[in-house]
Amino acid sequence: MHGEYKVPGGKLVVVDLDVESADRGEVLRDVRVAGDFFLEPDEAILDIDRALNGAPADATAEQLAARVEAALPPGTVMFGFTAEAVGIAVRRAVAHATDWTDYDWQLIHDAPQSPALHMALDEVLTAEVAAGRRPPTLRMWEWGAPAVVIGSFQSLRNEVDARALEEHGMTVVRRISGGGAMFIEPGNTITYSLSVPAALVRGLSFADSYAYLDDWVLGALDGMGVKAWYQPLNDIATESGKIAGAAQKRLAGAAGATGAVLHHVTMAYDIDADKMLDVLRIGREKLSDKGTKSARKRVDPLRRQTGLPRDAVMRRMIESFRDRHGLTEGSVTPEEMARARELAAGKFGSEEWTARVP
């Protein structure tokens, strides 16, 4: 069995192993840990292998990490990886997780669409990946109108000021994933979706899958001079503040299919803070748990941090993904678009869905 785990912002950990039956159940055998990380002393790699040999095959990543840490000699230095990363790589091997390079990735970057249609396209395309009818897809959004996008479980009246929304000519739509509200203006926002087979994140915890699926964009930002990191659970941040928020939804596949994960991210390229504060009801509790005094300081736009036009930022993001994982041009099929338009009109454009949590 073979498992790989790229530490977000760090190095690659690779594990090869066998699983065999023993008196106490299935255990790990012939474990070999490798990667492009740094480790001192050199012999500690053998201690890691020995610590994992004989471990229960159903041990969690945390339990495996504890075995590794207990076996390391005093003064061991692990650079670019951690004992937990080793445990995750083992779990991915046992779970038969796939890797980015196992797929032919497709890019969709179409003309601007309405907010409701974007919500529908996310659901339709991810369902097609779940069913095995569509390759894993990176979709870069172009917004056709300003909007507030609220999470699946948020209260409409608690998150949005209806008077201000109408005054500023904005609409509100509800997405299928959880998380918080997003303030969207077409020229000031960068949004992308990843529709990926569930096997890609197999062996990862829910929290770890967020950082794993966005590691490529951290590399893209670094190439633009922005030192960013993942701030659990779902924020991408820099020393100057938050620049993006992520959300996920898992969709089951039909018989014989593995299912899929929708992972989408909205990034602040620029922002009209006064308008945002007028439209969104941002409470003191939400601000205090971020350790800030002002909502204006919570989000620091990419325009200031990169000095690049929005289109250039998006191009560099696409090229970063292509360089890492490969990426071919694609499009929404007529059948997918027909289904998305149906959902946009019947579900995402309906009062019943938008106000399902009043």
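The second largest pocket of this structure, which is a predicted model, has a volume of about 280 Å³. Thirteen residues might be hard to take in at once, but of the 13 that line this pocket, those closest to its centre are Tyr5, Pro8, Glu84, Asp208 and Ala211. Two helices, helix 3 (83–94) and helix 7, each contribute at least two residues to the lining of the second largest pocket. Sorted by class, that lining holds ten nonpolar residues, one polar residue and two charged ones.

Helix 7, which runs over residues 206–213, is mostly covered, with six of its eight residues buried. The buried residues of helix 7 are Asp208, Ser209, Tyr210, Ala211, Tyr212 and Leu213, and two of these names, Asp208 and Ala211, are also among the residues closest to the centre of the second largest pocket.

From an open pocket one can turn to enclosed space. Rolling a probe the size of a water molecule over the atoms shows where empty space is left. A search of the whole structure finds two cavities of 30 Å³ or more, and the largest cavity contains about 100 Å³ of space. Among the 14 residues lining the largest cavity, Val149, Arg175, Met182, His264 and Thr266 are the closest to its centre. Helix 4, strand 14 (241–251) and strand 15 (260–268) are the elements that give two or more residues to this lining, which comprises eight nonpolar, four polar and two charged residues.

The second largest cavity encloses about 50 Å³ of space. Its lining is made up of Ile108, His109, Asp110, Ala111, Gln113, His118, Leu121, Arg139, Met140, Trp141 and Glu142, with at least two residues supplied by helix 4 and at least two by strand 7 (137–140). By class, the lining of the second largest cavity has five nonpolar, three polar and three charged residues.

Helix 4 (115–130) also appears in the surroundings of helix 13, whose buried residues pack against helix 4, strand 9 (171–174) and helix 14 (351–354). Helix 13 covers residues 334–348, and its 15 residues reach 19 Å from the first C-alpha to the last, close to the 21 Å expected at 1.5 Å a residue. The residues of helix 13 that are buried are Glu336, Met337, Ala340, Leu343, Ala344 and Phe348. Because these residues cover an arc of only 125° around the axis, they lie on the same side of helix 13. On the face turned away from that buried side, helix 13 carries the exposed residues Pro334, Glu335, Glu342, Ala345 and Gly346.

A single residue can close the tour. Ser152 is found in the loop between strand 8 (147–150) and helix 5 (156–159), and because its relative accessibility is 3%, Ser152 counts as buried. Where neighbours within four places in sequence are left aside, Ser152 is in contact with Arg174, Arg175, Ile176, Ser177, Gly178, Trp353, Arg356 and Val357. One of these contacts, Arg175, is also among the residues closest to the centre of the largest cavity. Leu200, by comparison, is 48 residues from Ser152 in sequence and 24 Å from Ser152 in space, C-alpha to C-alpha.

Technical notes:
Residues are numbered from 1 along each chain as its sequence is written. This is a predicted model: local features need pLDDT of at least 70, side-chain atom pairs count only at pLDDT 80 or more; totals for chains, interfaces and linings use all residues. Side-chain values use heavy atoms; hydrogens and water are left out. Helices (H or I, at least four residues) and strands (E, at least two) are DSSP runs, numbered from the N terminus. The expected span of a helix is 1.5 Å times one less than its number of residues. Buried means under 20% relative accessible area, exposed over 50%, partly exposed in between (1.4 Å probe, protein chains only). The arc is that of the directions from the helix axis to the C-beta atoms. Contact means heavy atoms within 4.5 Å. On a 1 Å grid over the protein atoms alone, a cavity is a set of points where a 1.4 Å probe fits but cannot get out, and a pocket is an open set with protein on both sides within 12 Å along at least five of seven lines; lining residues have an atom within 4 Å of a point. Grid points are joined across faces, edges and corners, and a volume is the space filled by probe spheres set on the points. Ala, Val, Leu, Ile, Met, Phe, Trp, Tyr, Cys and Pro count as nonpolar, Asp, Glu, Lys and Arg as charged, and the others, Gly among them, as polar.
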